[in-house]
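Thanks for making the time this morning. I would like to take you through one model, slowly, and I will put it on the screen now so that you can follow along.

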Amino acid sequence: MHQPLTINLTPTGNPSYNQQISDHVIERLKAEFAQGNTDVATRADGSLTDKRES
């Protein structure tokens with residue numbers, strides 16, 4: 001049985017940046033599932049982490 005994937009995004013106080021990040025996460029998830037990759041949860045930590053400094 002697979003664990004549900006949980007993604008927590010914390011608001012930064014910059015609505016434009018927040019929207020950009022949430023759009024990026026959604027697009028990445030759509031791309032992963034469109035490729036038929038059902039093992040997204042095991043790679044989510046590395047592939048969806050925002051590495052930019054604020």
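Lys30 and Glu27 sit three residues apart in helix α1, which means that about one helical turn separates them. An α-helix has 3.6 residues a turn, so residues three or four places apart point the same way. In this model, which I should stress is a predicted one, the side chains of Lys30 and Glu27 meet in a salt bridge, with 3.8 Å from N to O. The structure holds one salt bridge, and this pair is where you will find it. As for the surroundings of the two partners, Lys30 counts as exposed at 51% relative accessibility, whereas Glu27 is partly exposed, with a relative accessible area of 48%.

Let me turn to the helix that carries this pair. Helix α1 runs over residues 15–34, and its 20 residues, at 1.5 Å a residue, should span 28 Å, which agrees with the 28 Å between its end C-alpha atoms. Which residues of α1 are buried? They are Tyr17, Ile21, Ser22, Val25, Leu29 and Glu32, and because they fall within an arc of 130° when you look down the axis of α1, they line one face of the helix. On the other side of α1, Pro15, Ser16, Lys30 and Ala34 are exposed.

Ser22 deserves a moment, since a serine appears in that buried set. Ser22 has a relative accessibility of 18%, and it counts as buried because the cut-off is under 20%. A polar atom of the Ser22 side chain lies 3.0 Å from the backbone oxygen of Gln19. There is also a contact at the start of α1, where a side-chain oxygen of Asn14 comes to within 3.2 Å of the backbone nitrogen of Ser16.

Next, please look at the segment before α1, which is where Leu9 is found. Leu9 is partly exposed, with a relative accessible area of 48%, and together with Leu5 and Ile7 it makes a nonpolar surface patch of about 230 Å².

Finally, let me step back to the whole chain. How many helices and strands does the secondary structure come to? The chain has two helices and zero strands. Of its 54 residues, 19% are buried, and the accessible surface comes to about 4600 Å², with 53% of that area belonging to carbon and sulfur atoms.

Methods:
Residues numbered from 1 in each chain as written. Predicted model: local features only at pLDDT ≥ 70, side-chain atom pairs only at ≥ 80, totals over all residues. Heavy atoms only, no water. Patch = residues over 30% accessible without salt bridge, like charges linked within 9 Å, V, L, I, M, F, W, Y side chains within 5 Å. Areas by Shrake-Rupley, 256 points an atom, 1.4 Å probe, with all protein chains shown as cover. Salt bridge = Lys/Arg side-chain N within 4 Å of Asp/Glu carboxyl O. Helix = DSSP H or I, 4+ residues; strand = E, 2+ residues; numbered from the N terminus. Buried < 20%, exposed > 50% of the residue type's maximum accessible area, 1.4 Å probe, protein only. Polar contact = N/O pair within 3.5 Å; in protein donor to acceptor, adjacent residues only side chain to side chain. Expected span 1.5 Å × (residues − 1). Arc of directions from axis to C-beta.
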